[in-house]
Amino acid sequence: MDEGHTSFVLHDMPDSIILQIFCQFTIKERLLLRRVCWRWHHLLKDYSVWRSINLSEDCSLSSKVNNTILEGWITAWGKTIQHMDVSDCRWLTDLVIQKVAQNCADLRDLNVEGCFQVSDTGMNAIASNCKRLKKLNVFLSGVSEQGFERFLKQCPNLEDVKLGSRGNCHRMIVSVCSSVKDLKAISIHDVIPFDEGEPVVDDLSLWRLCTCFPGLTAIDLTWCCFITDDALFALPFCCPNLKSLTVRECHQISDRGVRAVFQICHLTLSKVHLERLYSITDVLTLSPEDLKPFPNLSYLKLIDTSISDIGVAKIAEKSPNLQTLIVGEHCFNPYNIHGGFIPTIAETCQKLRRFKLYSGRMKDNYLIAIGENIPFITDLYLGDCRDCTSQGLERIILRCRWLQILHILNCPHVTNKTLILISRNLTDLRELEILNCRSITTLDVLGLKQKLPRCDVRY
């Protein structure tokens, strides 16, 4: 299709189609598109385009936006705003949150994580005016446990909450159990209290939560140092339809507890995230019976555990529909994960779209296995590639043509020839990281940028 014909088609598109396309762009992209022509500038004032405001999707944007700009957006498009994510906007004040409450009556999802100036005053206004709110994140905000309790009494229809750190998590969970009608997902980020007499999130807290909400489908336990395996035993029996399990830095959790969840909820689990759990080992995959299949598991993240290549391979063998696999060790010198599981996951998880290996040494046969078996992968982090040759890299570049994100570390065989091959075959590439690949120069990278101008290259 020639350039002139393309322009003609875009010019003749009906407004309704263009608006649907605009809805798929980020805020930053929408603001830039307003400069294209007067017609687009006018269309981008339409309410239908502004159902979501997400400042967390671009850190440069969130640093340029301030209370005055955000208040203007809320005043202009508040009638249709349903989702608002202003996480880590430390400049955000209660006055703007009150404007949100006044103008955004149809708000369904509010994320004020890390907004230290947002306090009970702002949340009281939200509770009074935004009766359709279903999802709330007040992690690391200025909301107290007392303010959170008052909020829940006015908004009992919440289905998804994230709480922790600034207020007392134990008391917040008690408020959730007494006020919320039908909770579906909860994220608990607890801390060790400064006051010795302060209650903590323990097994009893989790048992009560699971008993109150048998329909719970997602739970995230982070820094819950007083929760043990006994609590995880109760979780699958009370909530048999659990779909998402995240456990991070809960150091009393071991193979016993996680295996209990696996055995009962293996048919429903779609996401598993285990991080900094050094008592989680390959024993997790060994039980009196064989490890049961996970037909719906699409997301698996294992970071800083004691699981080895063998354990990862066993879980992957039982997860044919896995789409995201993130594995590695950050905190200590890697000694469990070496990459030997890669041929197994390449053969059994052919629906994989995102694969990240943060530790372990890549080899040519690993790259060849990925290229031959998972050609539609879009996000690939290869970790330490010092043992790889140009043969393995070329197989990835020639076979995995849908790649949008590619990270290659420590590979001496990445040369200008490799970058030329990338520019010819990976036309959809948006992000390329080639750290410590010493055989390339700045001129080589500039040549690649000319051929792939939309690709962000880090070297």
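P156 is found in the loop between α9 and β5 (160-164), where helices (H or I, at least four residues) and strands (E, at least two) are DSSP runs numbered from the N terminus. The model is predicted, so local features need pLDDT of at least 70 and side-chain atom pairs count only at pLDDT 80 or more, whereas totals for chains, interfaces and linings use all residues. Residues are numbered from 1 along each chain as its sequence is written, and side-chain values use heavy atoms, with hydrogens and water left out.

Leaving aside neighbours within four places in sequence, P156 is in contact (heavy atoms within 4.5 Å) with S179, V180 and K181. Another proline, P375, is 219 residues from P156 in sequence and 47 Å away in space, C-alpha to C-alpha.

The pockets and the cavity come next. Rolling a probe the size of a water molecule over the atoms shows where empty space is left. On a 1 Å grid over the protein atoms alone, a cavity is a set of points where a 1.4 Å probe fits but cannot get out, and a pocket is an open set with protein on both sides within 12 Å along at least five of seven lines; lining residues have an atom within 4 Å of a point. Grid points are joined across faces, edges and corners, and a volume is the space filled by probe spheres set on the points.

The largest pocket has a volume of about 450 Å³. Its lining consists of 27 residues, and K135, D160, K162, S187 and D220 are those nearest the centre. Strand β6 (residues 185-189) gives the most to this lining, with four residues. By class, the lining of the largest pocket has eight nonpolar, ten polar and nine charged residues; here Ala, Val, Leu, Ile, Met, Phe, Trp, Tyr, Cys and Pro count as nonpolar, Asp, Glu, Lys and Arg as charged, and the others, Gly among them, as polar.

The second largest pocket holds about 340 Å³ of space. The residues lining the second largest pocket are T26, K28, E29, L32, E57, D58 and R430, which divide into one nonpolar, one polar and five charged.

For closed spaces, a search of the whole structure finds one cavity of 30 Å³ or more, with a volume of about 30 Å³. L302, I303, D304, T305, I307, V312, V327, G328, E329 and I337 line this cavity. Two elements, β10 (299-306) and β11 (324-328), give two or more residues to the lining, and β10 gives the most, with four. Six residues of the cavity lining are nonpolar, two are polar and two are charged.

Helix α17 (residues 390-399) has G392, L393, I396 and I397 buried, buried meaning under 20% relative accessible area, exposed over 50% and partly exposed in between (1.4 Å probe, protein chains only). Seen down the axis of α17, these buried residues fall within an arc of 130°, so they line one face of the helix; the arc is that of the directions from the helix axis to the C-beta atoms. An α-helix has 3.6 residues a turn, so residues three or four places apart point the same way. The buried residues of α17 pack against α16 (364-373), β13 (379-384), β14 (405-409) and α18 (416-425).

Attention now turns to charged pairs. Side chains of opposite charge can pair when their charged atoms come close. The whole structure contains 21 salt bridges, each defined as a side-chain nitrogen of Lys or Arg within 4 Å of a carboxyl oxygen of Asp or Glu. One of them joins R150 to D120, with the closest N and O atoms 3.7 Å apart. Because R150 lies in helix α9 (residues 145-154) and D120 in helix α8 (residues 120-129), this pair ties together parts that are 30 residues apart in sequence. R150 is partly exposed, at 40% relative accessible area, while D120 is buried, at 16%.

Helix α9 also holds a salt bridge between E149 and K153, at 3.9 Å from N to O. These two residues are four apart in the helix, or about one helical turn. E149 is partly exposed at 33% relative accessibility, and K153 is exposed at 59%.

A further salt bridge connects E433 and R458, whose closest N and O atoms are 3.4 Å apart. The pair links distant parts of the chain, with E433 in strand β15 (residues 431-435) and R458 in strand β16 (residues 456-458), 25 residues apart. E433 is buried at 11% relative accessibility, whereas R458 is partly exposed at 31%. Elsewhere, salt bridges that share partners join R361, D384, R386 and D387 into one network.
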